[in-house]
Amino acid sequence: MLKYSRQRESIKEFLMNSHDHPTADTVYSAIRVQYPNISLGTVYRNLSLLSSTGEIRRITCGDGADRFDADTHPHYHFRCDRCGSLEDLPMEPIGGLEELAKNFYQGRISGHQTFFHGICPKCLKKEQEKA
């Protein structure tokens, strides 16, 4: 069990109230309002600790900056190729996907992350307004 930390709890609370899957830098900027002396390293360490214990989810999209999500239930994400936004995709997870994947892999599969990509509604609207 982790020792209680006000800063860590503030990070978790911020993530629970944030639905845009913030980066560590965004979390740091927000937490500094309440804890002006907190370091970026402390935020990174706590995000790493929280994700390793399963209290939050780390999402790696391949664009260099990991994102963080307080919703650890199985769900999918959508990433916009234009603006880089990351959103929850409101669809039920595909049942049996991990069992199916085990047929193609000799190791141990313990979970999966899936995200879809394309163009979000805001970017589509901007595109249509330019046309």
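Trainee: In which sense do β3 and strand β5 pair, parallel or antiparallel?
Mentor: The model is a predicted one. Strand β5 covers residues 115–118. Four bridges link β3 to β5, and their sense is parallel.

Trainee: Which residue in β5 is the bridge partner of F78?
Mentor: F78 belongs to β3, which spans residues 76–80. β3 and β5 pair over four bridges. The bridge partner of F78 in β5 is F116.

Trainee: In which sense do β3 and strand β4 pair, and over how many bridges?
Mentor: Strand β4 runs over residues 86–89. F78 of β3 stands opposite E87 in β4. The sense is antiparallel, and the bridges number four.

Trainee: Which residue takes a positive phi in the hairpin of β3 and β4?
Mentor: The hairpin has five residues between the strands. One of its residues takes a phi near 80°. That residue is G84.

Trainee: How many of the five residues of strand β3 are buried?
Mentor: Take the two directions in turn. Y76, F78 and C80 point one way from β3, and they are buried. H77 and R79 point the other way and are buried too. So β3 is largely enclosed by the rest of the structure, and its buried count is five of five.

Trainee: What is the volume of the largest cavity?
Mentor: The structure holds one cavity of 30 Å³ or more. Its lining consists of R57, I59, H75, H77, Q113, T114 and F115. The volume of the largest cavity is about 40 Å³.

Trainee: How do the residues of the lining of the largest cavity divide into nonpolar, polar and charged?
Mentor: H77 is in the lining, and H77 is also a buried residue of β3. I59 and R57 are among the other lining residues. The division is two nonpolar, four polar and one charged.

Trainee: Which residues of helix α1 are buried?
Mentor: Helix α1 spans residues 6–16. What covers its buried residues includes α2 (24–34), α3 (40–52) and β2 (67–69). The buried residues are R8, S10, I11, K12 and L15.

Trainee: K12 and E9 meet in a salt bridge; what is the N to O distance?
Mentor: Both residues lie in helix α1, three residues apart, about one turn of the helix. An α-helix has 3.6 residues a turn, so residues three or four places apart point the same way. The side chains of K12 and E9 meet, N to O, at 3.5 Å.

Trainee: Does K12 count as buried or exposed?
Mentor: The cut-off for buried is under 20% relative accessible area. K12 has 18% relative accessibility. E9, at 31%, counts as partly exposed. K12 therefore counts as buried.

Trainee: What do E127 and R82 tie together?
Mentor: The side chains of E127 and R82 meet in a salt bridge, 2.6 Å from N to O. E127 lies in helix α5 (residues 121–130) and R82 in the loop between β3 and β4, so the pair ties together parts that are 45 residues apart in sequence.

Trainee: Which residues do salt bridges that share partners join into one network?
Mentor: The structure's salt bridges come to five. E127, in one of these pairs, counts as partly exposed at 37% relative accessibility. The network formed through shared partners joins E9, K12 and E55.

Trainee: How far apart are the closest N and O atoms of R58 and D66?
Mentor: R58 is partly exposed, with a relative accessible area of 30%. D66 is partly exposed as well, at 22%. The two form a salt bridge, and the closest N and O atoms are apart by 3.0 Å.

Trainee: Which residue has a positive phi of about 55° although it is not a glycine?
Mentor: Look in the loop between α1 and α2. The residue there is buried, with a relative accessible area of 3%. It is H21.

Trainee: What separates the C-alpha atoms of D66 and H21?
Mentor: D66 lies in the loop between β1 (57–59) and β2. Among the residues D66 touches are P22, T23 and A24. D66 and H21 are 45 residues apart along the chain, and their C-alpha atoms are separated by 9.1 Å.

Methods. Residues are numbered from 1 along each chain as its sequence is written. This is a predicted model: local features need pLDDT of at least 70, side-chain atom pairs count only at pLDDT 80 or more; totals for chains, interfaces and linings use all residues. Side-chain values use heavy atoms; hydrogens and water are left out. On a 1 Å grid over the protein atoms alone, a cavity is a set of points where a 1.4 Å probe fits but cannot get out, and a pocket is an open set with protein on both sides within 12 Å along at least five of seven lines; lining residues have an atom within 4 Å of a point. Grid points are joined across faces, edges and corners, and a volume is the space filled by probe spheres set on the points. Ala, Val, Leu, Ile, Met, Phe, Trp, Tyr, Cys and Pro count as nonpolar, Asp, Glu, Lys and Arg as charged, and the others, Gly among them, as polar. Buried means under 20% relative accessible area, exposed over 50%, partly exposed in between (1.4 Å probe, protein chains only). Helices (H or I, at least four residues) and strands (E, at least two) are DSSP runs, numbered from the N terminus. Two strands pair if DSSP finds at least two bridges between them. Contact means heavy atoms within 4.5 Å. A salt bridge is a side-chain nitrogen of Lys or Arg within 4 Å of a carboxyl oxygen of Asp or Glu.
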